[in-house]
Amino acid sequence: MQRRNFLKTSSLAGLTLTTLAATSCNLFSSKKDKDDAGKEKAGDFVLNEVTIDVLQQKMKNKEYTSRSITEMYLKRIDDIDKNGPKLNAVIEINKDALNMADAMDKERGAGKVRGPLHGIPVLIKDNINTGDNMRTTAGALAIADNYAKQDAFIVHKLRQAGAVILGKTNLSEWANFRSTHSTSGWSSRGGQTKCPYILDRNPSGSSAGSGSAVSANLCAIAIGTETDGSIVSPSSVNGLVGIKPTVGLWSRSGIIPISKTQDTAGPMARTVRDAAILLGALAGDDPQDIYTLTSKGKIEPDYTKFLDADGLKGKRIGIEKDGLKVNPAMDAIFQQAIDTLKSKGATIVEVELYKKIKEAGKNGFTVLLYEFKDGLNKYLSEANSKVKSLADVIAFNKKNEAKAMPFFKQETLELADKKGGLDEKEYMDAVQKTSGITRNAIDTLLKENKLDAIVAPTNGFAVCIDLVNGDYDNGFSFSGPAAMAGYPHITVPMGYAYGLPVGISFISTAYKEADIITLGYAYEQASKKRVAPLFKDIVG
């Protein structure tokens, strides 16, 4: 998640264009110690790169059942997540997964198919409530005893759609809002998740487990959450499609929060079509999340109708100038992407969005500190956990430092706990200077230049896992503008260098998911840059 750079610099717009550190950290065991047989299995899987449509067709033809598909994914998780490459993407398996699959098979046998997600195995991030046998912990030992009383709204929608919940994915603890020196993809409960392309590389946070799992074909699709970059960044570095919806399109009730103005869950998939299917199925009004009230009349139940391979024709695309000169490898990939956009009929216009939101970035961290304390205290006060407040979390971590904080500490939690309520002037001013400035900047650029979207590389290449020093700057991030504005953002695989993938981002104004899905799909179909991971030990 690119919030790491933000926490260190207190500026989402402070982009230092460093070169890629292409050498391997060699943090993990050597090649000799690897389970080579397990790695061979990783690339030889009958459901490799399978789509929702293919799975539905095979169930319709009785080649597969939901149970047999679920069994194959569970074995896949055992083969390469718990053994072999040991990706460590899945933090907990759902003991009811096979029972859910059986129930969906029974319904199908009786002639009832709920929709495109009927019988499809899904993994969800471990900060999303499930009222079942699984815990909801945000990866934190402090609330490892938290069994949610009921499903989050989006999990309820997922069950209604007939999906099979395989389990929960690991994440950066507290969604990467614990320390300025944290390592993305590490949690005190779940340990460190790896990138399936090169195993000593970081899969990016905080939806690291969801990104690694979907890319490695441990599930058909997954759900991540984002405050700033936590869907799009792990999607980019794991060669995926990720959609961060407009804040309000998906409910946040029942999700461990950071920011009420920026938080949202969203789909992570291997294709734009699969992401679009999941996006529409889980959108909807929720009385427990007042932000969803703004979505009335703006939700599309089926975003797949906007999938148009010729969708770039006649469109005007703004290219963020700061994304044009990152490093030689990235620049070459992005220029090729721009050429593809032009070849499919798009007109390219260079814009300077980051220049206009520099002031907003200076206030964003203040907003998150206030909202994290307020939201987490409310969540924990009603949770099935002994820990009932942010102050309790801090005290638990200090008491259990050896297990809870073996690598980095909790200075971000401590900063948040010192803040007051959301009625304080400092907070209200910061909100206006963050979301207000950013929305105006995006909307003005779109209107004045008659643009359909603004485009840039999603972020830099995956960095090395470094539990000693924490995450380091990988050059460029485009997560900030849409995150601070609460606007929609889609990333699509753009290319590779050094065996590492990177994505291209399309952003627009509120509730324009249909528009950016059209553009993302047209680019995806013209470029076809998704490549399955090879589970290499090191770069080269």
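**View 1. Glu-359 and its salt-bridge partner in helix α13.** In this predicted model, Glu-359 is partly exposed, with a relative accessible area of 40%. Its side chain meets that of Lys-362 in a salt bridge, at 3.9 Å from N to O. Lys-362 also counts as partly exposed, at 47% relative accessibility. Both residues belong to helix α13 (residues 358–381), and because they are three residues apart there, about one helical turn separates them.

**View 2. A salt bridge between Glu-49 and Arg-530.** Here the side chains of Glu-49 and Arg-530 meet, with 2.7 Å from N to O. Glu-49 sits in the loop between α2 (36–43) and α3 (52–60), while Arg-530 sits in the segment after α19 (513–527), so this pair ties together parts that are 481 residues apart in sequence. Which of these two partners counts as buried, and which as partly exposed? Arg-530 is the buried one, because its relative accessibility is 18% and buried means under 20%. Glu-49, at 29%, counts as partly exposed.

**View 3. Helix α3 meets helix α10 through Asp-53 and Arg-273.** These two residues form a salt bridge whose closest N and O atoms are 2.4 Å apart. The pair links distant parts of the chain, with Asp-53 in helix α3 and Arg-273 in helix α10 (residues 272–282), 220 residues apart. Asp-53 is partly exposed, with a relative accessible area of 33%, and Arg-273 is partly exposed too, at 32%. If you would like to look for others, the structure holds 20 salt bridges.

**View 4. The open sheet and its edges.** Follow the 11 strands across the sheet and you will meet them in the order β1-β3-β2-β6-β8-β7-β12-β13-β11-β9-β10, with mixed pairing. The edge strands are β1 (90–93) and β10 (347–351), each of which pairs on one side only. Neighbouring strands of the sheet are turned by 30° against each other on average, direction ignored.

**View 5. Strands β7 and β12, side by side.** Strand β7 (residues 241–244) and strand β12 (residues 489–497) run antiparallel and are joined by three bridges. A handy place to start is Gly-242, which stands opposite Thr-491 in β12. In general, the strands of a sheet pair through backbone hydrogen bonds, either parallel or antiparallel.

**View 6. Helix α17 on the sheet.** Helix α17 (residues 425–448) lies across three strands: β10, β11 (453–457) and β13 (500–507). Its direction is about 110° to that of β11.

Conventions
Residues are numbered from 1 along each chain as its sequence is written. This is a predicted model: local features need pLDDT of at least 70, side-chain atom pairs count only at pLDDT 80 or more; totals for chains, interfaces and linings use all residues. Side-chain values use heavy atoms; hydrogens and water are left out. Two strands pair if DSSP finds at least two bridges between them. Helices (H or I, at least four residues) and strands (E, at least two) are DSSP runs, numbered from the N terminus. Axes are lines fitted to C-alpha atoms, for helices over the stretch in contact, and angles run from 0 to 180 degrees between N-to-C directions. Contact means heavy atoms within 4.5 Å. A salt bridge is a side-chain nitrogen of Lys or Arg within 4 Å of a carboxyl oxygen of Asp or Glu. Buried means under 20% relative accessible area, exposed over 50%, partly exposed in between (1.4 Å probe, protein chains only).
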